[in-house]
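User: Could you take a close look at one loop of this model and then set it against the rest of the chain and the ligand site? A connected account would help me more than a list.

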Amino acid sequence: MADTGARAGALLRIDLAAIRANYRRLVQELGGVPCAAAVKADAYGLGMARVAPALRAAGARHFFVALPDEALALRATLGPEAEIYLLAGAMPGTEADLLAHDVAPVLNSLGDLERWRGLARREGRRLAAALHIDTGMSRLGLPEDELAALADDHGLLDGVDCRYVMSHLACAEDAGHALNQAQLDAFRAARRRLPDLPASLANSSGIFLGAAYHFDLGRPGAALYGVNPTPGRPNPMASVAHLQARILQVRDVDAPQSVGYGATYRVTGPSRLATVGLGYADGIFRSLSNRGTGFIGGIKVPAVGRVSMDLVVFDVSAVPSEAVRPGAMVTLLDDTHGVDALAEEAGTIGYEILTALGRRYHRTYTDS
Ligand SMILES: *Cc1c(COP(=O)(O)O)cnc(C)c1O
């Protein structure tokens, strides 16, 4: 049993060359403004240990992660050169680790700022950080009253090497949404009340809202991994995740009968069914029951019946029989049916498809 690929129910191929191409595409869209990379949640499920070095090779110098453990793992992966920003901020109890691994917290409140400033004083040196202003997410970042207090007393930043002031867009994927301009205005107004600092606002979709949103650093994640940052328009990004599931069993049915748990699908005429080796335990959401599609040799095959934990059944009646046998593959993600298409079928977004990709896949990374 040497070939782990032969033992897996499904194969996930991650195209590092496509990630690098997507990075270059975003750099081009930013027109000279530096481009960071969001690699939180294990690089959106694709494996930070492989993805982050590829992004660095493409030119990325700034990286954003969500949690302290991600920051520490990333520092170990990338070595001392990269700038690592931690979106969760300096959670109490993590400060020593952040200092030891040169991680810059994104300070989300005056309380965060006060504690980081106190640490800088005790350390006797300026400590790197970014400052997050809330302009419409009501999630993280200084709210208006805290911004006002900081505007009144810039001394609150003493000892902090504040490399960026940043905010985050709530509706960037909807280019016509009024909140985009409102957040842009609020961000500009906030900057006028603060010391002159480099700024960062745009996530993947924000980069495509135009140069006014670019400031001094782009901060894309999803687009790097193939998610369309411009929904409703052609996807400018290359697809990165390629997923194929192995056919375990093929059956010809000719009598009326039901398929899967709950008997939610009924075969009515002569049909050929293929059962493949992945399921909701692998991130193939149960909401894909009777809605997902796969492909065999470019021919569309619908998922029939409920998605179960380890199995999905496809109706492969339309496929020439020689292409349907145990061991053959059904494609779920590729260039023509990407994460956004699967997400649409599942009633979710490409981000959730990627970050839910399971741990049981045989994963390979290709680089050309
Ligand atoms: C996740 C995240 C990003 C990247 O967003 P995408 O939509 O994936 O490009 C940028 N900034 C912040 C604050 C984030 O949380």
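Analyst: Leu140 is found in the loop between β6 and α8, and the description that follows applies to a predicted model. With a relative accessible area of 37%, Leu140 is partly exposed, because that value falls between the 20% under which a residue counts as buried and the 50% over which it counts as exposed. In sequence Leu140 and Asn108 are 32 residues apart, while their C-alpha atoms are 5.7 Å apart in space.

The loop between β6 and α8 is also the place of Gly141. Gly141 has a relative accessible area of 14% and is therefore buried, the cut-off for that class being under 20%. From Gly141 to Gly89 the C-alpha separation is 9.7 Å, for a distance of 52 residues along the sequence.

Ser138 is a further residue placed in this loop, for which the flanking elements are β6 (127–132) and α8 (144–152). Its relative accessible area is 67%, so Ser138 belongs to the exposed class. The backbone of Ser138 deserves a separate remark, since its phi is near 50°, a positive value in a residue other than glycine. Taken together, the loop holds Ser138 as an exposed residue, Leu140 as a partly exposed one and Gly141 as a buried one.

Other loops of the chain offer points of reference. Asp102, in the loop between α6 (95–100) and β5 (103–107), likewise has a positive phi, near 55°, although it is not a glycine. The relative accessibility of Asp102 is 45%, which means that it counts as partly exposed. On the other side of α6, Pro92 is found in the loop that runs between β4 (83–86) and α6; it is exposed, with 63% relative accessible area. The C-alpha atoms of Pro92 and Ala211, which are 119 residues apart along the chain, are separated by 37 Å. Ser321, for its part, lies in the loop between β15 (312–315) and β16 (329–333), where it is partly exposed at a relative accessible area of 41%. Between the C-alpha atoms of Ser321 and Arg272 there are 8.9 Å, and along the chain there are 49 residues from one to the other.

These loops belong to a chain of 368 residues, 52% of which are buried. Its secondary structure amounts to twelve helices and 17 strands, and along the principal axes the C-alpha atoms fill a box of roughly 80 × 50 × 35 Å.

As for the ligand site, the ligand sits in the largest pocket. Around it are 14 residues, of which Lys40, Tyr44, Ser204, Gly221 and Tyr351 come nearest. By residue class, this shell divides into seven nonpolar, four polar and three charged residues. Three contacts to oxygen of the ligand can be described atom by atom. In Tyr44, a polar side-chain atom lies 2.5 Å from an oxygen atom of the ligand, and in Ser204 an N or O atom of the side chain is likewise 2.5 Å from a ligand oxygen atom. Gly221 contributes through its backbone, where an N or O atom lies 2.8 Å from an oxygen atom of the ligand. The protein covers 93% of the 390 Å² of accessible area that the ligand has on its own.

Note on methods:
Residues are numbered from 1 along each chain as its sequence is written. This is a predicted model: local features need pLDDT of at least 70, side-chain atom pairs count only at pLDDT 80 or more; totals for chains, interfaces and linings use all residues. Side-chain values use heavy atoms; hydrogens and water are left out. A residue is near a molecule or strand if one of its heavy atoms lies within 4 Å of it. A polar contact is a pair of N or O atoms within 3.5 Å; within protein, one must be able to donate a hydrogen and the other to accept it, and residues adjacent in sequence count only if both atoms are side-chain atoms. Accessible areas come from the Shrake-Rupley method with a 1.4 Å probe; for residues, only the protein chains shown count as cover. On a 1 Å grid over the protein atoms alone, a cavity is a set of points where a 1.4 Å probe fits but cannot get out, and a pocket is an open set with protein on both sides within 12 Å along at least five of seven lines; lining residues have an atom within 4 Å of a point. A molecule sits in a cavity or pocket if more than half of its atoms lie within 2 Å of its grid points. Ala, Val, Leu, Ile, Met, Phe, Trp, Tyr, Cys and Pro count as nonpolar, Asp, Glu, Lys and Arg as charged, and the others, Gly among them, as polar. Helices (H or I, at least four residues) and strands (E, at least two) are DSSP runs, numbered from the N terminus. Buried means under 20% relative accessible area, exposed over 50%, partly exposed in between (1.4 Å probe, protein chains only).
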